[in-house]
Every structure is written in structure tokens, then in C-alpha cells.
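Okay, thanks for squeezing me in. I'd like to walk you through the charge pairs first and then the nonpolar packing, so let's get the structure up.

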Amino acid sequence: MAQLTCQDLTLGYEGQEIITNLSFSVEKGDYLCILGENGSGKTTLMKTILGLHKPMSGAVLTGDGLSRREIGYLPQQSAIQRDFPASVREIVISGFQGQCGLRPFYTREEKRQADKNIELMGISHLKKRCYRDLSGGQQQRVLLARALCATQKILLLDEPVAGLDPQVTQEMYALIEKLNRDFGITIVMISHDIRAALQFANKILHIGNDTFFGTREEYLRHAAAQRKEDGNGFA
């Protein structure tokens with residue numbers, strides 16, 4: 001059974017549809033990139049998967065032992081969030097809050113796992129630094145470590161390299177690929193970078209006027225057919 005299945009989803013706001021009858025599934029270990037034009041509903045789709053937005057119709061199902069609480073999320077940051085006055089370690093370990101319930105403290109194992117994720121992201125030397133004093137790339141590593149505290153199964157990433165310079169962008173892509181390849185963590189990532197999507201993802205979901213879901217190879221054939229048909233590709 002798939003880890004995540006979206007069945008006949010129709011999404012929108014105030015009665016206005018932006019995505020209609022969308023169906024796709026994500027298997028354990030997949031690396032899915034979600035592509036589409038601005039305003040096509042990519043972030044709304046991700047928030048629906050997380051249960052933060054209610055679909056107009058259709059359903060989001062989890063399977064293969066995955067619960068909604070085990071989905072890690074790295075959202076786009078606002079200016080206020082970038083200026084958050086907390087230490088790196090405090091930010092990272094807060095990823096366990098969804099699992100604490102009424103427990104007002106973190107366990108020894110959670111603290112150990114937070115430090116392990118900090119080390120995995122290569123930011124151990126920043127552990128006591130204030131989050132708002134970090135560079136954009138360092139902040140993204142902190143948020144990725146935080147998301148890993150919420151899950152070892154599936155990560156939802158909303159344009160994780162937005163605003164980063166080319167070198168830091170490549171470093172982030174390498175970290176995400178390592179989580180998928182070496183740790184078997186399923187990746188669902190919104191991206192505007194079609195080249196990176198074709199380099200790293202094994203599945204592509206394109207939403208908008210021309211909706212497509214399939215493997216990377218099927219997407220390439222579909223895109224070629226589109227160019228042949230109307231003289232333009234899509235991204």
C-alpha cells in the first residue's frame with residue numbers, strides 16, 4: 001500500500017476551484033517533485049496533505065504504517081519566522097512537539113535524536129547560536145533538522161532552496177538526496193527548478209492547465225509531446 005494517496009481531490013477557496021479531480025500516490029522511498037505555475041495550487045495541495053486545509057471534495061489517505069503525525073514539513077519562511085529569537089537547538093528539538101501530547105518536557109531520547117539530526121545537517125558548531133543570526137542556507141539546514149525530528153518516514157518540502165545562492169542550493173539538494181537515498185526517507189518537494197526535479201526525482205507531479213503525474217521518464221516523453229504539439233514546453 002502507498003504511504004500517501006490523494007483521491008479525486010478538488011481544492012480551492014471560497015467556492016473557487018484551483019485544482020480539480022487530482023489523484024496520485026506516493027510510495028515509500030519515492031522522491032516526488034511537484035511542479036506548476038505560480039497560483040496553480042502547489043502549496044494549497046501540500047497544506048491539504050498535512051491536514052491544514054480542507055479539500056472541497058476527495059480524500060487524502062495514509063498507509064504503509066504512516067500516520068499524519070509522522071509527516072515532517074519544511075514550509076516557506078516569512079520574514080518574521082527568519083527573525084525568530086531562539087537557539088538552533090531549541091528550534092530543532094521543537095520538531096518533537098507534535099509527539100509530546102500533554103508531556104511538558106522532551107525525553108532523553110528526543111534530545112539525543114535532535115543532536116543527531118543537527119550533526120547530520122552539518123550544523124553542530126551552530127547549536128548554541130541564535131537562529132535569527134544565521135544565513136539563509138544555515139536556517140534551512142536548521143529547519144530540515146527540525147522536520148527530521150517529526151519523522152523518519154516522509155518529508156514535505158515547500159521550495160526549500162528559494163532565495164539561496166547557487167552553491168548553497170546545491171548543498172541543500174545534496175542533503176535532501178542523501179536523506180532519500182541513504183536513509184530511505186520519502187521526499188515530496190515543491191519546486192520551480194525543473195532541472196533539479198529531473199536530476200533527483202523519480203516521480204513528477206505537474207499541476208495547472210496541463211496536469212501530469214508519472215515517472216521522470218514518462219514526464220520527459222509527455223513534455224516532448226507537448227512541445228511537438230504546440231511549440232512550447234512546460235515547467
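So, start with Lys203 and Asp30: both are buried. Keep in mind that this is a predicted model. Those two form a salt bridge, with the closest N and O atoms 2.9 Å apart. Lys203 sits in strand E8 and Asp30 in the loop between E2 and E3, so the bridge ties together parts that are 173 residues apart in sequence.

In total we get 9 salt bridges. Another one is Asp115 with Arg89, where the closest N and O atoms are 2.8 Å apart. That pair also links distant parts of the chain, with Asp115 in helix H5 and Arg89 in helix H3, 26 residues apart. Buried or exposed, you ask, for Asp115? At 25% relative accessibility, Asp115 counts as partly exposed, and Arg89 is partly exposed too, at 26%.

Staying in H5, Glu109 bridges to Arg112 at 2.6 Å between the closest N and O atoms. They're 3 residues apart in that helix, so about one helical turn separates them. Shared partners also join Arg89, Asp115 and Lys127 into one network.

Now the packing. The largest nonpolar core has 43 residues, and Leu144 and Leu155 have the most contacts inside it. Several elements give two or more residues to this core, including strand E3, helix H5 and strand E7. H6 provides the largest share, 7 residues. Beyond its sequence neighbours within four places, Leu144 is in contact with residues including Leu74, Met121, Leu155 and Ile176. Apart from that core there's another, of 24 residues, with Cys6 and Phe24 among them.

Technical notes
Residues numbered from 1 in each chain as written. Predicted model: local features only at pLDDT ≥ 70, side-chain atom pairs only at ≥ 80, totals over all residues. Heavy atoms only, no water. Core = buried A, V, L, I, M, F, W, Y, C linked by side-chain atoms within 4.5 Å. Buried < 20%, exposed > 50% of the residue type's maximum accessible area, 1.4 Å probe, protein only. Helix = DSSP H or I, 4+ residues; strand = E, 2+ residues; numbered from the N terminus. Contact = heavy atoms within 4.5 Å. Salt bridge = Lys/Arg side-chain N within 4 Å of Asp/Glu carboxyl O.
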